[in-house]
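Colleague: Could you pick one part of this model and take me through it closely? I would like to know what surrounds that part, and what each term means when you use it.

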Amino acid sequence: MTMKTFLALALSLLCAVPAASATKWPGGAKAAVVLTYDDALDSQLDNAVPALDAARFKATFFLSGLKVSAVPRWRAVGAEGHELANHTLFHPCPASKFSADPRYTSEAYTPASMLKEIEQQNVLLTALDGKPTHGFASPCGQTMAGGVDYLEALRAAKLVTYARGVYTSPDDLRADVGRIDPMHVPSRGFPEGVTGAQLIEFAKEEAAGGGMAVYLFHGVGGDYLQVSDAAHRELIAWLAAHRKEVWVTTLQGALDWAKAHPDPQQ
Ligand SMILES: [Zn+2]
C-alpha cells in the first residue's frame with residue numbers, strides 16, 4: 001500500500017466513524033438505551049411494565065392525567081425502581097394538534113401558569129414516589145404557552161432535573177451525553193405499526209455510535225399511538241440478549257451516570 005492510498009484509507013475510515021460519545025457507560029456497554037412512556041396509559045401498566053419487569057429493566061414513565069383508580073399501580077411501579085416523571089397535570093397542547101377543551105390548550109396558558117402546573121405535578125409525583133425532584137417531558141413535544149416559549153423560564157425556576165425534547169437525527173444522540181443540554185434531551189418516537197426489527201435498529205445504530213437511544217412510546221398493545229405488544233416484547237428480548245453492549249436504564253439514571261463520569265480526555 002502506498003502512503004497516498006494509506007492516507008486515503010485512513011481518512012475514509014475517519015469519516016465513516018460516527019462522532020463517538022465520550023461517555024463511558026457502566027460495564028463497558030457501548031451505549032445507553034432509555035425506554036420512556038408518556039401519558040400514564042393503562043396499556044403501559046398492563047403490557048409494558050410486566051415485560052420490563054420480566055427482563056429486570058427500569059424505564060421512565062412521564063405521567064399526566066392520572067386516574068385515581070390507577071394511583072396504587074403507579075405507586076408500585078415507582079417503588080420497584082422505575083422512574084416516574086413530570087408530563088404536566090392536564091397535558092396542554094396547541095389547539096391545532098387535536099380538539100381539546102379550550103381552557104387546556106397551550107394557547108390558553110402563560111409561561112407562569114404552565115410552570116405552576118408543572119410544580120403541582122411535581123407535588124403529585126413526590127406523593128407517589130417520595131422523591132424530591134423529577135424530570136420532565138413537554139406535552140406534544142412543544143414548549144409554547146400563550147405564544148411564548150417557557151423552556152428557559154422552566155430552566156431558571158429549577159423545577160425539573162431535565163426536559164426531554166425531540167430527536168431530529170442520529171447525531172443528536174451521538175453527542176457526549178455528559179455534555180448535552182439537560183433541558184434538550186433528544187428522544188425518538190415511532191409511527192404506529194412499527195415492527196420489532198425497526199425498534200431494535202434504533203438501539204443498534206446508537207450502540208454503533210456510542211451514545212444514548214431514548215425511545216418515546218405511548219400505548220403498548222392498546223390505547224393510542226401504539227406499538228404492538230409483540231414489537232415491544234421483541235425489542236425487550238433483544239435488549240435482554242445484549243445486556244453487555246447496551247445499558248438499559250432510566251433517563252435520570254443515564255444523565256446522572258454521564259455527568260458523574262466525564263471523559264478524562266476533555
Ligand atoms: Zn403526552
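Modeller: One term has to come before the rest. When two helices cross, look at them with one in front of the other: the crossing is right-handed if the near helix is turned clockwise from the far one by less than a right angle, and left-handed if it is turned anticlockwise. Keep in mind that this is a predicted model.

The part I have picked is helix H7, residues 229–241. The protein has eight helices and ten strands, and I will follow H7 to two of those helices, H6 and H2. A pair of packed helices is described by two values, the angle between the axes and the distance between them.

Take H6 (residues 196–209) to begin with: the axes of H6 and H7 come within 8 Å and cross at roughly 35°. In the sense just defined, H6 passes H7 in a right-handed crossing. On the H6 side the residues that meet H7 are Gly 196, Ala 197, Leu 199, Ile 200, Ala 203 and Lys 204. Their partners in H7 are Ala 231, His 232, Glu 234, Leu 235, Trp 238 and Leu 239.

How accessible is Leu 235? Its relative accessible area is 0%, so Leu 235 counts as buried, the limit being under 20%. Leaving out residues up to four places away in sequence, Leu 235 touches Leu 199 and Ile 200, and also Leu 35, Tyr 215 and Phe 217. The C-alpha atoms of Leu 235 and Ala 203 are 8.9 Å apart, although 32 residues separate the two along the chain. For the protein as a whole, 48% of the 266 residues are buried.

Now turn to H2 (42–54). The axes of H2 and H7 come within 10 Å and cross at roughly 20°. That angle makes H2 roughly parallel to H7, because angles under 35 degrees are given that name. This crossing is right-handed as well. Asn 47, Ala 48, Ala 51 and Leu 52 of H2 make the contact with Asp 229, His 232, Arg 233 and Ile 236 of H7. His 232 thus takes part in the contact with H2 and in the one with H6.

What lies ahead of H7 in the chain? The loop between strand S9 (212–217) and H7 holds Gln 226. Gln 226 is partly exposed, at 28% relative accessibility. A polar atom of the Gln 226 side chain lies 3.1 Å from the backbone nitrogen of Gly 222. Beyond four places in sequence, Gln 226 touches Glu 192, Gly 193, Gly 219 and Gly 221. Its C-alpha atom is 8.9 Å from that of Phe 190, a residue 36 places away along the chain.

One last step leads from H2 to the zinc ion. Asp 39, in the loop between strand S1 (31–38) and H2, coordinates the zinc ion together with His 87 and His 91, at 2.0 to 2.1 Å. His 87 sits in the loop between strand S3 (83–86) and helix H4 (111–129), so the pair of Asp 39 and His 87 ties together parts that are 48 residues apart in sequence. Asp 39 is buried, with a relative accessible area of 10%, and His 87 is buried too, at 1%.

Methods:
Residues are numbered from 1 along each chain as its sequence is written. This is a predicted model: local features need pLDDT of at least 70, side-chain atom pairs count only at pLDDT 80 or more; totals for chains, interfaces and linings use all residues. Side-chain values use heavy atoms; hydrogens and water are left out. Donors are N, O and S atoms within 2.8 Å of the metal (3.2 Å for Na, K and Ca); water is not among the atoms, so sites may look incomplete. Helices (H or I, at least four residues) and strands (E, at least two) are DSSP runs, numbered from the N terminus. Buried means under 20% relative accessible area, exposed over 50%, partly exposed in between (1.4 Å probe, protein chains only). Axes are lines fitted to C-alpha atoms, for helices over the stretch in contact, and angles run from 0 to 180 degrees between N-to-C directions. Angles under 35 degrees count as roughly parallel, over 145 as roughly antiparallel, 65 to 115 as roughly perpendicular and the rest as oblique. Contact means heavy atoms within 4.5 Å. A polar contact is a pair of N or O atoms within 3.5 Å; within protein, one must be able to donate a hydrogen and the other to accept it, and residues adjacent in sequence count only if both atoms are side-chain atoms.
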